[in-house]
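Please examine the sequence and the model shown below. The paragraphs that follow lead through helix packing, overall composition, charged pairs and one aromatic residue.

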Amino acid sequence: METGAQGEQDERSERGGRSEQSGRSEQGEQRRHIDHLLNVVDVEATCWDGQPPPGQVSEIIEIGLTVVDLRAGRRPARHRLLVRPARSEVSPFCTELTGLTQAEVDGGLPFAEACRVLAAEHRTGLLPWASWGDYDRHQFIRQCRATGAEYPFGQRHTNAKITFTAAYGLRRRPGMAQALEVAGLPLEGRHHRGDDDAWNIAALVLDLAGRGDWAAE
């Protein structure tokens, strides 16, 4: 015979099971609605003409992100985050390369906050993502480990440089600018500016997708 307490416990368990199943269903439905979207990410970091000064380390100072709609063949959105370095300064060499100045990045977000914004506002933990080479992914991993910031990306990453090299049958892996020339695409904006580079890499991704050579991991 079932007691009142047992009945209430069973009812709570049943409700909990339904709630958990509903949560998984909603997550699956959300993923299905965005499975054609891809984030393309490019970062710029503090750098020097030679070794860094004593006590300084290379840190991300700009994050460019372009959203790619693989189904529609479009680049519907682009974003730029400036990041304030904590253990380095922008050198004249870095300014010449990226166009970024110390005064500009001083107004940026702390690195941990930038990671939070990526995850919360750009769904970087949910969407697959791509970069040109593995530098960007490794730099995020290194800096997250060094600072204790939460890594903002999921596991589904594609090295677009490797995919492009294989698709075009090249002997050497090209830089982004060279790849644009190979594909017959224009370089839009300024090279070594994060949001412009992400925008151009996204164009290369769409080129590969149009050829049937893009398979996100």
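The axes of helix H7 (residues 176–183) and H8 come within 10 Å of each other and cross at roughly 40°. H7 is therefore oblique to H8; angles under 35 degrees count as roughly parallel, over 145 as roughly antiparallel, 65 to 115 as roughly perpendicular, and the rest as oblique. Such axes are lines fitted to C-alpha atoms, for helices over the stretch in contact, and the angles run from 0 to 180 degrees between N-to-C directions. The crossing of H7 over H8 is left-handed, a term used if the near helix is turned anticlockwise from the far one by less than a right angle, with right-handed used if clockwise. On the H7 side, Met176, Ala179, Leu180 and Ala183 meet Asp197, Asn200, Ile201, Leu204 and Asp207 of H8. These contact residues comprise 6 nonpolar, 1 polar and 2 charged. Contact here means heavy atoms within 4.5 Å, while Ala, Val, Leu, Ile, Met, Phe, Trp, Tyr, Cys and Pro count as nonpolar, Asp, Glu, Lys and Arg as charged, and the others, Gly among them, as polar.

The model is predicted: local features need pLDDT of at least 70 and side-chain atom pairs count only at pLDDT 80 or more, whereas totals for chains, interfaces and linings use all residues. Residues are numbered from 1 along each chain as its sequence is written, and side-chain values use heavy atoms, with hydrogens and water left out.

Helix H8 (residues 194–210) also packs with helix H6 (residues 160–167), at an angle of about 40° and with the axes 11 Å apart. H6 and H8 are therefore oblique to each other, and H6 passes H8 in a left-handed crossing. Ala160, Thr163, Phe164 and Ala167 of H6 meet Leu204, Asp207 and Leu208 of H8. The residues of this contact divide into 5 nonpolar, 1 polar and 1 charged. Leu204 and Asp207 of H8 thus appear in the contact with H6 and in the contact with H7.

These helices belong to a chain whose secondary structure comes to 8 helices and 5 strands. Helices (H or I, at least four residues) and strands (E, at least two) are DSSP runs, numbered from the N terminus. Along the sequence, the elements follow the pattern α-β-β-β-α-α-α-β-α-β-α-α-α. Of the 217 residues, 41% count as buried; buried means under 20% relative accessible area, exposed over 50%, and partly exposed in between (1.4 Å probe, protein chains only). Among contacts in the chain with a separation of 6 or more, 68% are between residues 24 or more positions apart.

Charged pairs provide the next topic. Side chains of opposite charge can pair when their charged atoms come close. The structure holds 11 salt bridges, each a side-chain nitrogen of Lys or Arg within 4 Å of a carboxyl oxygen of Asp or Glu. One of them joins Asp196 and Arg78, at 2.6 Å from N to O. Asp196 lies in helix H8 and Arg78 in strand S3, so this pair ties together parts that are 118 residues apart in sequence. Asp196 is buried at 11% relative accessibility, whereas Arg78 is partly exposed at 35%. Both residues take part in a network of salt bridges that links Arg78, Arg193, Asp195 and Asp196.

Strand S3 also contributes Arg80, which meets Glu62 in a salt bridge of 2.6 Å, N to O. Glu62 lies in strand S2, and the two residues are 18 apart in sequence. Glu62 is buried, with a relative accessible area of 0%, while Arg80 is partly exposed at 29%.

A further salt bridge connects Arg71 and Asp35 (3.6 Å, N to O). Arg71 is in the loop between strand S2 (60–69) and strand S3 (74–82), Asp35 in the loop between helix H1 (4–34) and strand S1 (37–45), and 36 residues separate them. Arg71 is exposed at 62% relative accessible area, and Asp35 is partly exposed at 46%.

Finally, Tyr135 is found in helix H5 (residues 135–147) and is partly exposed, with a relative accessible area of 39%. Which residues does Tyr135 contact, leaving aside its neighbours within four places in sequence? They are Val43, Ala45, Ser58 and Arg142. Tyr135 and Asp42 are 93 residues apart in sequence and 9.1 Å apart in space, C-alpha to C-alpha.
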